[in-house]
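Here are some notes for a colleague who is opening this structure without having seen it before. They are set out as numbered points, to be read with the model in view.

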Amino acid sequence: MRDETDLQLVNLLQIDPRISWSKAGEILQMSPTTVANRWNHLVDRGLAWICTHPNPERQFTAVVEVDCRTEFLAPVIEQMCSHPLITSVDEATGQRDILLTIMAPDMATLTTLIIDWIGGLEGVHGTRSSLVTDVIVGAESWRVNILTQRQINQALPQRTPDRSQAGADEADLALAQALARDGRASIAWLSQELDMPTSTAHRRLRRLLANRNLIVRCDTAPELAGWLLECTWLTTVAFNYKNRVIELLKEQPSLRSCFWITGGNNLRVNFRVNHTGSLAALESSIALAIPGLAPDETIVHLRSHKSMGWLLRPDGSCTGQLVPPVFGP
């Protein structure tokens with residue numbers, strides 16, 4: 001049975017993954033120690049975790065469908081999960097066996113990985129790739145939606161974009177790599193780990209987060225969050241309908257992510273729903289608002305093996321094992 005207080009805590013961390021335990025305790029009306037202990041219990045069970053990864057809009061990001069002979073699926077998936085540029089690995093329905101998300105620093109690296117490395121794995125007999133051209137809604141925006149509006153307002157972080165034009169240097173990349181291992185690492189720990197002054201670590205982290213060079217989010221297992229089905233729509237939206245479609249999709253509480261892509265379809269939308277009927281209702285509402293619009297295909301995610309670097313169990317919980325994503329060139 002799901003615990004409402006745990007869900008409230010997860011909701012807080014979805015809004016601000018680095019919220020202090022004292023502030024979280026104040027919002028939830030409990031002690032900081034109790035809040036921290038609850039979080040640690042969720043992490044230990046793999047029901048929730050903090051994920052840090054590059055902004056997909058600052059990388060060459062692709063969604064890759066892989067065809068694989070059944071007898072080679074297990075070893076192929078294991079090899080894909082071990083590759084740091086392959087950030088997410090799913091088994092899925094439809095015209096693909098494996099669904100990948102890849103983030104590469106440049107087109108040459110992405111091409112080599114897809115054509116030569118993936119294409120060269122024993123058992124793989126086909127791939128199809130789509131480049132992400134624009135992220136409309138990132139997965140970090142998905143919420144369990146259990147807090148009151150007052151609690152949400154209290155939790156919202158105050159971040160002002162940094163107008164400096166400085167690119168990420170080696171110190172920024174080291175900071176990102178440390179946060180990939182522990183997204184809630186304290187400034188004091190980061191300062192000691194990276195051998196930099198506390199004020200410098202704080203300033204750099206604030207800039208990376210404010211400018212969205214780095215994405216930090218709270219992920220959850222289905223058991224805790226209550227979603228039973230994850231699916232992806234592939235559809236094509238005419239230019240004159242784009243704004244209306246996006247407005248409508250953003251109103252859907254089950255929307256997890258949405259982005260424009262290259263290929264036969266131009267829109268890819270990911271949902272998490274609590275039963276198959278929710279998906280049918282969603283499709284009906286879209287069709288009613290915009291006659292003639294329907295997904296060309298609805299892909300159901302059968303099993304997730306890796307999510308932004310974190311390895312998952314068959315039930316969708318986190319193993320605690322991380323293959324850190326690659327930050328920078």
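**Notes on the predicted model**

1. A good place to begin is Ser-257, which lies in strand 8, the run of residues 255–261. The model is a predicted one, and the values below should be read with that in mind. Ser-257 has a relative accessible area of 9%, and because buried means under 20% on this scale, Ser-257 counts as buried. Once its neighbours within four places in sequence are left aside, Ser-257 is in contact with Val-137, Gly-138 and Ala-139, and also with Arg-268, Val-269 and Asn-270.

2. The strand that holds Ser-257 is itself mostly covered, since 7 of the 7 residues of strand 8 are buried. Which strands pair with strand 8? Strand 5, made of residues 124–137, pairs with strand 8 in the antiparallel sense over 4 bridges, and in this pairing Val-132 stands opposite Ile-261 of strand 8. Strand 9, made of residues 267–273, is also joined to strand 8, in this case by 5 bridges and again with the strands running antiparallel; here Trp-260 stands opposite Leu-267 of strand 9.

3. Strand 8 and strand 9 form a hairpin that has 5 residues between the strands, and in this hairpin Gly-263 takes a positive phi near 115 degrees. Strand 5 also has a pairing with strand 2, residues 60–68, to which it is joined by 7 bridges in an antiparallel arrangement. Within that pairing, Ala-62 stands opposite Leu-131 of strand 5.

4. The next point concerns the largest pocket, which holds about 750 Å³ of space. It is lined by 43 residues, and those closest to its centre are Asp-90, Glu-230, Arg-256, Asn-270 and His-301. Asn-270 has already been named in these notes, as one of the residues in contact with Ser-257. The element that gives the most to the lining is strand 10, residues 297–307, which supplies 6 residues. By residue type, the lining divides into 19 nonpolar, 13 polar and 11 charged residues.

5. Turning to the helices, helix 2 spans residues 21–28, and its buried residues are Trp-21, Ala-24, Gly-25, Ile-27 and Leu-28. Why can these residues be placed on the same side of helix 2? They cover an arc of only 160 degrees around the axis, and therefore they lie on the same side of the helix. The elements against which the buried residues of helix 2 pack are helix 1 (4–15), helix 3 (32–44) and helix 6 (149–155). Helix 2 is followed by Gln-29, which has a positive phi near 60 degrees.

6. Helix 8, residues 187–194, can be read in a similar way, with Ile-187, Leu-190 and Ser-191 as its buried residues. Seen down the axis, these buried residues fall within an arc of 100 degrees, so they line one face of helix 8. Ala-188 and Gln-192, by contrast, are exposed on the other side of helix 8. The cover over the buried residues of helix 8 includes helix 7 (170–181) and helix 9. Just after helix 8 comes Asp-195, which takes a positive phi of about 55 degrees.

7. Two further residues deserve a look for their backbone angles. Arg-212 is not a glycine, although its phi is positive, at about 60 degrees, and it lies in the loop between helix 9 (198–210) and strand 6 (214–220). With a relative accessible area of 38%, Arg-212 is partly exposed.

8. The other residue is Met-308, where phi is near 45 degrees, a positive value in a residue other than glycine. Met-308 is found in the loop between strand 10 and strand 11 (310–312). Is Met-308 buried or exposed? Met-308 has a relative accessible area of 9% and is therefore buried.

Notes:
Residues numbered from 1 in each chain as written. Predicted model: local features only at pLDDT ≥ 70, side-chain atom pairs only at ≥ 80, totals over all residues. Heavy atoms only, no water. 1 Å grid on protein atoms, 1.4 Å probe; cavity = no way out; pocket = protein on both sides within 12 Å on 5 of 7 lines; lining within 4 Å. Points joined across faces, edges and corners; volume = space filled by probe spheres on them. Helix = DSSP H or I, 4+ residues; strand = E, 2+ residues; numbered from the N terminus. Nonpolar A, V, L, I, M, F, W, Y, C, P; charged D, E, K, R; others polar. Buried < 20%, exposed > 50% of the residue type's maximum accessible area, 1.4 Å probe, protein only. Contact = heavy atoms within 4.5 Å. Arc of directions from axis to C-beta. Pairing = 2+ DSSP bridges.
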